[in-house]
Amino acid sequence: MIKVLKVLTLGSLLASSALYAANTAACAGCHGKSFENKAMGKSKIVKDMSKEEIVAALKGYKDGSYGGPMKGIMKGQVASLSDADMAAIADSIKGGSSTNKAEAKVNAVEKKEGAKAVAETAEFTKDAKADESKKLLDINANMRDAKRLEKEDLGNKKVVSELTLGLRQTDLYSEKADTNPVKTDYSRPAPGQSTRFERAYVNAPPMIPHSVDGLLPIKQDNNQCLGCHMPESAKAMGATPIPQSHFTNYRPTTVYKDGELVKEGKKVGIQSGDALGNVGDIKLAKVKKLDHLYQGRFNCTQCHAPQSKTDTVVGNTFESDGLTDKLKGHSTLADAMNEGVDIK
């Protein structure tokens with residue numbers, strides 16, 4: 001109880017400084033540490049804006065009246081900010097006095113309550129965030145409902161009507177269009193405001209749990225996913241970091257030399273009149289670890305699809321082997337890809 005009271009006491013006093021510090025740290029991934037960058041190459045340079053302009057922009061993002069293609073991301077970042085928080089953020093960006101006042105208040109609390117209370121608060125917050133990160137939504141829970149599966153199991157029925165034979169469940173003879181089609185709804189929470197989904201099977205590409213409004217199309221020179229999901233900024237943004245497998249080139253080195261196609265140093269034969277040599281036995285000499293995103297994976301949505309809010313026309317009895325609680329939220333893809341490959 002004492003610990004909780006300390007948390008509550010410190011929480012109210014630390015709120016302004018801690019909150020804007022966390023948010024400005026998260027901003028650095030896109031805007032730069034000194035707000036010197038155009039986020040995703042699109043935004044204004046925040047350090048050149050006045051305090052009033054920064055506050056107006058933050059309020060506009062919150063109520064949806066401000067912003068262009070990035071407003072979906074920013075709305076999620078500012079959703080929990082109060083007017084005072086926004087003013088404190090603007091002051092900290094422009095070097096105002098609010099930062100010093102907040103820090104002085106924190107120092108006074110630390111002297112009064114002691115460093116131990118502050119440490120307990122930090123540990124409490126850390127545990128709370130850890131618990132939150134463990135929460136995953138099972139999007140197939142309703143699809144595996146026992147009563148639904150029993151109802152849809154035609155093998156247990158003595159009589160099967162023709163209406164149940166098709167997925168549309170309409171008269172097979174009238175040829176009328178489906179009068180009640182399934183309408184797909186992708187209107188999910190903004191980035192930063194959603195809860196992750198469980199993976200459908202081991203190492204399945206995770207579904208996108210948030211709205212992608214304003215984020216598509218993804219191009220090599222304009223990939224807005226990277227602003228939040230690159231490893232160096234993902235933690236501050238509260239996003240899932242891009243895994244090591246996406247920074248690795250597993251393809252064999254291929255060159256055209258002296259009229260021959262050479263893979264990993266082995267000629268595969270494309271001389272005039274020759275059939276293309278068998279490349280099935282070409283082994284990768286070693287994987288190529290990169291310091292940048294491998295461009296064979298630049299298009300995130302070729303594997304990661306946004307999850308719609310809709311019901312399936314039939315139940316789903318699929319169960320993945322080996323899908324432990326840990327693997328529902330994490331991947332071992334890099335280990336699987338490296339299996340049998342010399343990575344020295």
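Here is a walk through the structure, from the overall numbers down to single residues.

A word on conventions before we start: this is a predicted model, so local features need pLDDT of at least 70 and side-chain atom pairs count only at pLDDT 80 or more, while totals for chains, interfaces and linings use all residues. Residues are numbered from 1 along each chain as its sequence is written, and side-chain values use heavy atoms, with hydrogens and water left out.

Let's take the whole protein to begin with. Its secondary structure comes to 10 helices and five strands; helices (H or I, at least four residues) and strands (E, at least two) are DSSP runs, numbered from the N terminus. The protein has 344 residues, and 28% of them are buried. Here buried means under 20% relative accessible area, exposed means over 50%, and partly exposed is in between, with a 1.4 Å probe and protein chains only. The accessible surface adds up to about 22,200 Å², with 54% of that belonging to carbon and sulfur atoms; the areas come from the Shrake-Rupley method with a 1.4 Å probe, and for residues only the protein chains shown count as cover. As for contacts (heavy atoms within 4.5 Å), take those with a separation of 6 or more: residues 24 or more positions apart account for 62% of them.

Now to the inside. In soluble globular proteins, nonpolar side chains tend to be buried together. The largest nonpolar core here has 15 residues, and the members touching the most others are Val46, Ile54, Leu58, Val78 and Ile93. Three helices, α2 (51–63), α3 (71–78) and α4 (83–94), each supply at least two residues of this core, and α2 gives the largest share, with five. By nonpolar core we mean a set of buried Ala, Val, Leu, Ile, Met, Phe, Trp, Tyr and Cys residues joined through side-chain atoms within 4.5 Å. Zoom in on Ile54: leaving aside neighbours within four places in sequence, its contacts are Val46, Met49, Ala90, Ile93 and Lys94.

Staying with the part of the chain before α2, have a look at Phe35, in the loop between α1 (2–31) and α2. Its phi is near 55°, a positive value in a residue other than glycine. Phe35 counts as buried because its relative accessibility is 8%.

Next comes the loop between α7 (146–152) and α8 (226–229), which is home to Tyr173. With a relative accessibility of 62%, Tyr173 counts as exposed. Tyr173 also belongs to a nonpolar surface patch with Leu154, Val160, Leu165 and Leu172, and together they have about 500 Å² of accessible area. Patches are built from residues with over 30% relative accessible area and no salt bridge, joining like charges within 9 Å and nonpolar side chains (Val, Leu, Ile, Met, Phe, Trp, Tyr) within 5 Å. A salt bridge, in turn, is a side-chain nitrogen of Lys or Arg within 4 Å of a carboxyl oxygen of Asp or Glu.

Asn203 lies in the loop between α7 and α8, and has a positive phi of about 65° although it is not a glycine. Asn203 is buried, since its relative accessible area is 18%. Pro217 is also placed in the loop between α7 and α8, and the peptide bond from Leu216 to Pro217 is cis, with omega near 0°.

Further along, Ser245 sits in the loop between α9 (231–237) and β1 (248–249). Its relative accessible area is 1%, so Ser245 is buried. Beyond neighbours within four places in sequence, Ser245 contacts Tyr250, Arg297, Leu333 and Ala334.

Finally, the strands. β2 (residues 254–257) and β3 (residues 260–263) run antiparallel and are joined by four bridges; two strands pair if DSSP finds at least two bridges between them. Thr254 has Lys263 of β3 as its bridge partner. The β2 and β3 hairpin has two residues between the strands, and Asp258 takes a positive phi near 50° there. β3 is also joined to β4 (residues 266–267) by two bridges, again antiparallel. In the hairpin of β3 and β4, which has two residues between the strands, Glu264 takes a positive phi near 50°.

Val262 lies in β3 and stands opposite Lys267 in β4. At 12% relative accessibility, Val262 counts as buried. Its contacts, leaving aside neighbours within four places in sequence, are Thr253, Thr254, Val255, Lys257 and Lys267.
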